[in-house]
Amino acid sequence: MSSSASAAPSGRGAARAGSARAHVAAVPDVVPAAGGSHTHEAEERTRDRVLNAVLEHGPISAAELGDLLGFTPAAVRRHLDHLARSGVIEVKRAARAGAGAGRPARRYVLSSQGQSTLGNDYLDIATVALRRLGEAAGPEAVRQFAVERFADMERRYAPEIEQAGPDITARAQALSEALSRDGFVASAQSLEAKAPLPAALSSVQLCQGHCPIQHLAAQFPVFCDVETEVFARLVGVDVRRLSTLARGGHVCTTHIPTGRPAAVGTPGPAAPVNPDEVSNHLQERP
């Protein structure tokens, strides 16, 4: 997270926002006022602040951006519309936690084009480092790195999910809410089995609309596998990953069966994996 988004962008965010300026400026916007070269520059600086805030805080709503930057709703939406037309940001829709069947919330994130435009130096470095780690110490070392990365998530989420009790649907919802707070734009939808299918085939589909390591996971699917294992331990049943953003899916979707009680209790350590097993990174059916 950046220090104060109301200040001028600095560091990596400033460099990225600045590098996108030429691309964003190519999209027609409102005509600046007469004698307004300074006005146009001020517009660019303001738009840089909006882009930097989306980069640092996304997924984020227009209302949250306005509060963060001190802009009126009309002003922030004008800049968001311009950035969306330029293709560097996009809207992710997510169900509001605890809400009924209302319209999904609109939240803004950097698009794939925006990631490319602004640069992915940190991902390039991470990719090279993990590739070298695998070459030097083998694939199990890369897997152990992924296990350690997700261990903090599991520790933080476990008490909250345990409070949801043994009902798997409730545990899946608690997991969804925890993921959304961490910026994964998650939702949990119950799918009830209809007769003549047995009720035991009912399930929850857990969806994540945003992944901060999407491009890294595309090259190292073990990150998706380890995350799926963490989900299984947290909800207390075997789960299956149906699709991932890293493999071109619209969202990451995890199938959670609800027809049997959860194995409630403190999650144990990750079980060792047989290297001959096929990854469940992208399955077609539950």
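Two strands count as paired here if DSSP finds at least two bridges between them. Keep that rule at hand for the tour of this predicted model.

**Whole chain**

Start with everything shown. The protein has 286 residues, and 42% of them are buried. Colour by secondary structure to bring up 11 helices and 6 strands. About 15000 Å² is exposed, with carbon and sulfur atoms supplying 54% of that area. Now turn to contacts with a separation of 6 or more: residues 24 or more positions apart account for 64% of them.

**The sheet**

Next, select β3, β4, β5 and β6. These form an open sheet of 4 strands in the order β3-β4-β6-β5, paired antiparallel. Look at the edges, where β3 and β5 (240–243) stand. Each has a single partner strand, so one side of each lacks a neighbour in the sheet. View the strands face on: neighbours are turned by 25° against each other on average, ignoring direction.

**Strand β4 and its partners**

Select residues 203–208. This is β4, and 5 of its 6 residues are buried, so the strand is mostly covered, buried meaning under 20% relative accessible area.

Add residues 186–191, which make up β3. The β3 and β4 strands run antiparallel over 6 bridges. Pick out two positions along this pairing. Gln189 stands opposite Gln205 in β4. Leu191 has Ser203 of β4 as its bridge partner.

Now add residues 252–257, strand β6. Its pairing with β4 is also antiparallel and covers 6 bridges. Zoom in on Cys207: its bridge partner in β6 is Thr253.

**Helices on the sheet**

Keep the sheet displayed and select residues 168–181. This is helix α9, which packs on the sheet and touches β3, β4 and β6. Its direction makes about 160° with that of β3.

Then select residues 222–235, helix α11. Which strands does α11 lie across? They are β4, β5 and β6, and the helix runs at about 130° to β5.

**His79 in helix α5**

Leave the sheet and select residues 73–86. This is helix α5, and His79 is in it. Is His79 buried or exposed? His79 is buried, because its relative accessible area is 2%, under the 20% cut-off.

Finish by showing the surroundings of His79. Leaving out residues up to four places away in sequence, His79 touches Glu43, Thr46, Arg47 and Val50. Display those four side by side with His79 to close the tour.

Key
Residues numbered from 1 in each chain as written. Predicted model: local features only at pLDDT ≥ 70, side-chain atom pairs only at ≥ 80, totals over all residues. Heavy atoms only, no water. Buried < 20%, exposed > 50% of the residue type's maximum accessible area, 1.4 Å probe, protein only. Helix = DSSP H or I, 4+ residues; strand = E, 2+ residues; numbered from the N terminus. Contact = heavy atoms within 4.5 Å. Areas by Shrake-Rupley, 256 points an atom, 1.4 Å probe, with all protein chains shown as cover. Axes fitted to C-alpha atoms, helices over the stretch in contact; angles between N-to-C directions.
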